[in-house]
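Colleague: Could you walk me through one part of this protein up close? I'm new to this, so please take it slowly and link the pieces together as you go.

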Amino acid sequence: MVSSVPRLVIAAPSSGSGKTTVATGLMAALSARGFAVSPHKVGPDYIDPGYHALATGRTGRNLDAYLCGPELVAPLFAHGAGGCDIAVVEGVMGLYDGAAGEGELASTAQVAKSLRAPVVLVVDASSQSRSVAALVHGFVSWDPQVRVGGVILNKVASDRHEVLLREALESVGVPVLGVLRRAAPVETPSRHLGLVPVAERGSAAVEAVSAMAAQVAAGCDLSALVALARSAGALTGAAWDAGEALVSSPPPPLPFPSPGAAPPDPHRPCGPRPQTPDGLEGAGRAVRVAVAGGSAFTFSYAEHAELLSAAGAEVVTFDPLRDEELPEGTAGLVVGGGFPEVYAAELSANEALRKAVAELALSGAPVAAECAGLLYLCRELDGLPMCGVLDASARMSERLTLGYRDAVAVSDSALAGAGTRMRGHEFHRTVVEPGAGEEPAWGMRAPERRVEGFVQRGVHASYLHTHWASEPGVARRFVERCRTS
């Protein structure tokens, strides 16, 4: 298979240069001109893809070479970009910044090379003139395999300032594809973990994206940017597919018995169980998996729901802020990341749902909780009652915990068998005490050795965000447990 979707990577010398404004504005401006735009974000960030989705009307997808491995970057891109006219990929941090101590791994530069995509460098020009040439020259020449096809100058002060910048860049030979001035309506509010998610801002987010689109359309050469995107090299290889990923992944170990269940039959034949024609075990009997959503739980990779569906689950979203009961027939529960600390009072006030979640967990049904989900399952959050599934207390902290993690499953759970190795990401300003249960979820191999999280009955709760495309068997194992619990 050959993918020739035109594509651009929007990068910058450093964080705070304006990548999100330019990338989101470009997506929205191209969408307004009739392009079917595929939005992507380098790295683990969940928030920017929400703005991308608002700009394009399509699911924002992440491309993370650390979480998923470099070999999955192009297939996951092709999966998301299928049928689109153009793709815009927003980078992370500075162009060459990646996982700490891992060289170029997970950097925007690595993703650009994997996608054979030209890079547009967004430069904050607010405090420089002629020096911009040295800056751009350094980024262009650092890695000859990274093709910087143009520059967009951001925060330009005046017409005279623009002239000086353009004159300086003539010597570098990189075209200026846009010039943007400061514009207050484009600014988006931030708090303790970055931008406020789209789901929390309503019409204000729509207005901000519209302002970004107007600024980019007025200040950038859209025709030149599209032409540059069309110069991207062809990608060979199959697009990622959830069903095929499940078939090609090793079959999950037999689900461990729920409390009170009879011991396994020692005379049962070993080896893989019979498979349905599509290659998925038991896929003919769908089970309902409830996934938390709404303003408090906005962090989720799209591939998770796709894998659950491919494994035979009916995925149903519910809002813990508003719904007083779980979806009827719920056999498993996924509570991802978000900002429960912002909505702690409202979550606590929904006593009926907290009780329903606790009863589901007590029954032994599979429950997968990441970060915000972990807090929600605790006994309390900042002194307010939560679900009480875990005998642990959560509170806000001044300390930011941030970074990639290399982890291995310590205990057998509904999500992963002991010994399963996955890479993940932590991003929070909260503390859970104790930090691990009698049966921890993960043992961290790097950057520090420690155990973390909780496994009890069917519950797997942890601060660690993981990308299931890297280990599709966890989705299949989870659905299999939903059928047998």
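Modeller: Sure, and let's start with a word we'll need: a residue is called buried when its relative accessible area is under 20%, and exposed when it is over 50%. Keep in mind that this is a predicted model.

Our part is helix H2, which runs over residues 47-56. Seven of its 10 residues are buried, so by that cut-off the helix is mostly covered. Here's the roll call of the buried ones: Ile47, Asp48, Pro49, Tyr51, His52, Ala55 and Thr56. Right after H2 comes Gly57, and its phi is positive, near 75°.

Now pick out Asp48 from that list. Asp48 pairs up with Lys41 in a salt bridge, and their closest N and O atoms sit 3.2 Å apart. Both partners, Lys41 and Asp48, are buried.

A little further along the chain you meet another charged pair, Arg61 and Glu303, whose side chains form a salt bridge with an N to O distance of 3.2 Å. Arg61 belongs to strand E4 (residues 61-63) and Glu303 to helix H12 (residues 302-310), so this pair ties together parts that are 242 residues apart in sequence. Are these two buried or exposed? Glu303 has a relative accessibility of 1%, so it counts as buried. Arg61 comes out at 11%, so Arg61 is buried as well.

For another example, look at Arg181 and Glu162, joined by a salt bridge with the closest N and O atoms 3.0 Å apart. Arg181 sits in the loop between strands E8 (176-179) and E9 (190-191), while Glu162 is in helix H7 (residues 159-170), so the link spans parts 19 residues apart in sequence. Glu162 is buried at 18% relative accessibility, but Arg181, at 30%, counts as partly exposed. This pair also has company: salt bridges with shared partners connect Asp159, Glu162, Arg166 and Arg181 into one network. The count for the model comes to 20 salt bridges.

So, back to where we began: H2 is a mostly covered helix, and one of its buried residues, Asp48, holds a salt bridge with Lys41.

Notes. Residues numbered from 1 in each chain as written. Predicted model: local features only at pLDDT ≥ 70, side-chain atom pairs only at ≥ 80, totals over all residues. Heavy atoms only, no water. Buried < 20%, exposed > 50% of the residue type's maximum accessible area, 1.4 Å probe, protein only. Helix = DSSP H or I, 4+ residues; strand = E, 2+ residues; numbered from the N terminus. Salt bridge = Lys/Arg side-chain N within 4 Å of Asp/Glu carboxyl O.
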